[in-house]
Amino acid sequence: MALKSIYMDTNVFTDIVEDIRNTTAKCAYSEESFSKINVFETTDVGREMNEILKLFYKSTETYRHEASESLPRALFTLRDGMIEQDRILSEGLDVDIHRR
């Protein structure tokens with residue numbers, strides 16, 4: 001009798017991706033600092049630092065979005081593709097479990 005199946009454990013992979021999603025979704029910086037930046041507008045260095053701070057907040061929001069939404073979606077697509085390949089390959093196997 002032939003058994004046409006290969007079992008691929010994806011629970012650990014899924015748990016890691018879910019941890020990435022949940023952790024990065026919580027990584028949001030408070031924008032409270034923006035309410036106090038006008039004090040720096042009186043100097044050239046202060047204005048430059050304000051621009052850097054604005055870019056920092058913008059980049060952290062982009063990072064949070066990519067790491068908590070786009071990356072997990074891509075990794076789950078990868079996982080699903082691996083499972084599908086596993087299924088296709090297992091259907092092509094003919095394993096005789098009675099022969100030594």
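**Packing of helices α1 and α2**

A25 is found in helix α1. The model in which A25 is placed is a predicted one. At 36% relative accessibility, A25 is partly exposed, because that class lies between the limits of 20% for buried and 50% for exposed. Leaving aside neighbours within four places in sequence, A25 is in contact with R64 and S68. Both R64 and S68 are among the α2 residues that make the contact with α1. A25 can also be located relative to E61. The two residues are 36 apart along the chain, and their C-alpha atoms are separated by 9.8 Å.

The overall composition of the fold is simple to state. The protein chain has two helices and zero strands. Helix α1 covers residues 11-25, and helix α2 covers residues 44-91. The chain has 100 residues, of which 17% count as buried. Its accessible surface comes to about 8100 Å². Carbon and sulfur atoms account for 58% of that surface. Contacts were also sorted by separation in sequence. Among those between residues at least 6 apart, 79% join residues at least 24 apart.

Two packed helices are described by the angle between their axes and the distance between the axes. Here the axes of α1 and α2 come within 8 Å and cross at roughly 165 degrees. The angle is over 145 degrees, so α1 is roughly antiparallel to α2. The crossing is left-handed. On the α1 side, the contact is made by F13, T14, V17, E18, I20, R21, T24 and A25. On the α2 side, the contributors are Y63, R64, A67, S68, L71, P72, R73, L75, F76 and R79. By class, the residues of this contact divide into 10 nonpolar, three polar and five charged.

L71 belongs to the α2 side of this contact, and its place is in helix α2. With a relative accessibility of 37%, L71 counts as partly exposed. Outside its neighbours within four places in sequence, L71 is in contact with I20 and E66. Of these partners, I20 is one of the α1 residues in the helix contact. V17 of α1 also takes part in that contact. L71 and V17 lie 54 residues apart in sequence, with 8.5 Å between their C-alpha atoms.

N50 also lies in helix α2. Its relative accessible area is 2%. N50 is therefore buried, as the value falls under 20%. When neighbours within four places in sequence are set aside, N50 is in contact with I37, F40 and E41.

Three residues thus illustrate the range of burial. N50 of α2 is buried at 2%, whereas L71 is partly exposed at 37%. A25 of α1 is likewise partly exposed, at 36%.

Key: Residues numbered from 1 in each chain as written. Predicted model: local features only at pLDDT ≥ 70, side-chain atom pairs only at ≥ 80, totals over all residues. Heavy atoms only, no water. Helix = DSSP H or I, 4+ residues; strand = E, 2+ residues; numbered from the N terminus. Buried < 20%, exposed > 50% of the residue type's maximum accessible area, 1.4 Å probe, protein only. Contact = heavy atoms within 4.5 Å. Areas by Shrake-Rupley, 256 points an atom, 1.4 Å probe, with all protein chains shown as cover. Axes fitted to C-alpha atoms, helices over the stretch in contact; angles between N-to-C directions. Parallel < 35°, antiparallel > 145°, perpendicular 65-115°, else oblique. Left-handed = near helix turned anticlockwise from the far one by under 90°. Nonpolar A, V, L, I, M, F, W, Y, C, P; charged D, E, K, R; others polar.
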